[in-house]
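Welcome to this short briefing. Have a look at the model below, and keep it open while you read.

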Number of protein chains: 2
Amino acid sequence: MGPGPCTPYPEAMEALGRPIMGHLDPEFLSIFDETRDRLRTVFGTANRVTIPVPGTGSAGMEAAFVNILNPGDTVVIAVNGMFGERMCDLAHRCDANVIPVNFEWGTPIDPAVVSIAAYEAGAKMIAAVHAETSTGVLNDIAALGAAKGDSLLLADCVTSIGGMVLDLDAWGVDIAYGGTQKCLGVPPGLAPLTMTEAAWEQRVVKPRSWYFDLGVIGGHTPHAALAYHHTAPIAMIASLHAGLGAVLDEGLDNCVARHATCGRALQDGLIGLGLELWVKEEDRLAQLTTVRVPDGVDSGALRRELLSRYGIEIGAGVKEWSSKIWRIGCMGHAARLRNVALLLSALDELL
Amino acid sequence: MGPGPCTPYPEAMEALGRPIMGHLDPEFLSIFDETRDRLRTVFGTANRVTIPVPGTGSAGMEAAFVNILNPGDTVVIAVNGMFGERMCDLAHRCDANVIPVNFEWGTPIDPAVVSIAAYEAGAKMIAAVHAETSTGVLNDIAALGAAKGDSLLLADCVTSIGGMVLDLDAWGVDIAYGGTQKCLGVPPGLAPLTMTEAAWEQRVVKPRSWYFDLGVIGGHTPHAALAYHHTAPIAMIASLHAGLGAVLDEGLDNCVARHATCGRALQDGLIGLGLELWVKEEDRLAQLTTVRVPDGVDSGALRRELLSRYGIEIGAGVKEWSSKIWRIGCMGHAARLRNVALLLSALDELL
């Protein structure tokens, strides 16, 4: 119950162990294509260019940036946590003109401020994190989409995909990526990525990265892997295919509702224990809750006790919040009320 | 029995399905460190900087190039197949001064010619592929190491690691990377990489890639993952750990001998069927055999028959050799005499 990786769905684990097929085997290619269709459903998009990038979540971030930003291109990045900061680092490595718009950690971005900055700078792209894993804050991507003007809009959906309704096409998102190891309930190792035709047309012709070059990676054609680029991480793709199957069998709406119910139960329970949540109610994520460590409590010692005595992992904060907050995930298969109940009982005993 | 991915060792498959731990869980970190130790053994190195890069084999290539080549640095690349060509592409994307030294496909490189070119150009790095997967040719890396002068030496060991003796420290190799899905007998998804202190000291301070930036990826410290960079692909690392365990339990020398025995049996058998091998005997790899498609035989049709009737996958050639040669792997768990016997019988029946 940390900020990810979460406990995967049993279906995703079972698929990992299946016999390995060749990466050009017709049977593998049909699983690959079906995986791309399922990703379109959870992303809420009809985008042709939709693929699992062969790396962990941040590989999706890198693929998105190196395929869009030429040296000198202007990008406006909304920053209210570690993953917004990371976007700035990546954009600098593209030699882009990077304009960060900073907001206090633990509070959401203001879409109006960000979009005005983009308008004034004539930005090629606006980038923001949908669900900030470092703080547990929800940012309003739809509002950014409504105000993006001529800029492309990139959304980091690592911690939202599979646990919240994504409606990228309606929101006006041009590029988005996610991770497998959070609300999708699959082990870490792939970064689903999707891109509109508008973004595709403005992509970098020869990106700085070969490994993440979407022009040669083949994600824009059916049976993408037929044009050999890299050897697909077959076991992980089978696992993603099965994890997506579990989500869609449950029903995406039911799955999202389960995340919401568990998050609310956890947050109510934490408040009931006398703990203080970091984020205001209206800005909170259900799938990732941040709670202040009470005065006099050793954050690390409590986390170790939770792990060794109860078998529950929760996360520390990042940077200066490292010993000041805990990050508690209700993600994927771990988003169950029985887990919430156990964690609340354990915290009650330990505190 | 294609050019990879191969059938993984059962131990590697079993490990994939184990419960997912957190990427900062102390138990995971000790598996991670033990994996790095095992990689040092199969690489034949004591290099401190030894990690599994979180991507497939070509991710190792990209990590090696972006961490060594600054814009304007000179690199001499020995090219006698597709992976040498790919190195040139990657080096160009680093804005390096790229000097390819070309040799006929199906023949080995001449280390003297390559090292003279490097000396004359004052190259920062020489790069070559140890076992060319596109042609089945062995290149002499030790001879390059003996003649490298002041240049760093990079070796692509994707198709050699686990199937041949690697003795990188004795050979004078400064940077090397491999793949998991070939002779190591593990599914695709990681690229083991190792680097000497000399290479580390000359590395790029802020590489173009964040995802592959070895300075922040944490591979230079014990308990590397403690400094959070990306979410480690936990299931794949557990699988690599177990696959390396299988290799070392068999004994690395025994494992290499098994690859050699199977390769020799396959090559003798193919000649016995009247087929012609592409590569001269002294330059052939045991683990990857290239054989000319006989006149009048439909290469693709035969491969499909092999797959559907016998459950055996073999590979086509690449580029203009696509329908002119087959590539047959004896790698990892698939390197068994019973597989060789079945394939030879099947080819005999089909031809």
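In what sense do strand S11 and S12(A) pair, and over how many bridges? Strand S11, residues 315-316 of chain A, pairs with S12(A) in the antiparallel sense, and two bridges link them. Please keep in mind that this is a predicted model. The points below begin with that part of chain A, then turn to its domains, a strand neighbourhood in chain B, and finally the way the chains meet.

**Around S12 in chain A**

- Strand S12 of chain A covers residues 325-329, and five of its five residues are buried.
- Ile325(A), Arg327(A) and Gly329(A) point one way from S12(A), while Trp326(A) and Ile328(A) point the other way; all of them are buried.
- A general pattern is helpful here: side chains in a regular strand alternate between the two faces of the sheet.
- On the S11 side, Arg327(A) of S12(A) has Gly315(A) standing opposite.
- S12(A) is also joined to strand S10(A) by five bridges, and these two strands run antiparallel.
- Two places to find in that pairing are Arg292(A), which stands opposite Ile325(A), and Val291(A), whose bridge partner in S12(A) is Trp326(A).
- Why can S10(A), residues 288-292, be called largely enclosed by the rest of the structure? The reason is that four of its five residues are buried.

**The two domains of chain A**

- The domain assignment splits chain A into domain 1 (10-249) and domain 2 (251-350).
- Taken over C-alpha atoms, the centres of the two domains of chain A are separated by 26 Å.
- Where they touch, 24 residues of domain 1 are in contact with 19 residues of domain 2 in chain A.
- On the domain 1 side of this contact in chain A, the elements that give two or more residues are helix H2 (26-43), strand S6 (137-138) and helix H10 (234-250).
- Sorted by class, that side has 12 nonpolar, 11 polar and one charged residues.

**A covered strand in chain B**

- Strand S4 of chain B (residues 125-129) is mostly covered, with five of its five residues buried.
- Which residues of S4(B) lie on each side? Met125(B), Ala127(B) and Val129(B) are on one side, with Ile126(B) and Ala128(B) on the other, and both faces are covered.
- S4(B) pairs in the parallel sense with strand S2 (residues 74-79) of chain B over three bridges; within this pairing, Val76(B) has Ile126(B) as its bridge partner.
- S4(B) is also joined to strand S7 (residues 152-156) of chain B by five bridges, and the two run parallel. Here Val129(B) stands opposite Asp156(B).

**How chains A and B fit together**

- A turn of 180 degrees, with a shift of 0.0 Å along the axis, lays chain B on chain A with an RMSD of 0.0 Å. The two copies are therefore related as by a two-fold rotation axis.
- How many residues are in contact between the chains? 39 residues of chain B are in contact with 39 residues of chain A.
- On the chain B side, helix H1 (10-16), helix H3 (57-68), helix H4 (82-93) and helix H10 (234-250) are the elements that give two or more residues. H3(B) gives the most, with four residues.
- By class, this side of chain B has 17 nonpolar, 15 polar and seven charged residues.
- The copies meet through the same surface, because 100% of the interface residues of chain B are also interface residues in chain A.

Note on methods: Residues numbered from 1 in each chain as written. Chains lettered and ligands numbered in written order. Predicted model: local features only at pLDDT ≥ 70, side-chain atom pairs only at ≥ 80, totals over all residues. Least-squares fit on C-alpha atoms with pLDDT ≥ 70 in both. Contact = placed C-beta atoms within 7 Å. Buried ≥ 20, exposed ≤ 12 C-beta atoms within 10 Å, placed from the backbone. Pairing = 2+ DSSP bridges. Nonpolar A, V, L, I, M, F, W, Y, C, P; charged D, E, K, R; others polar. Domains from an automatic or database assignment.
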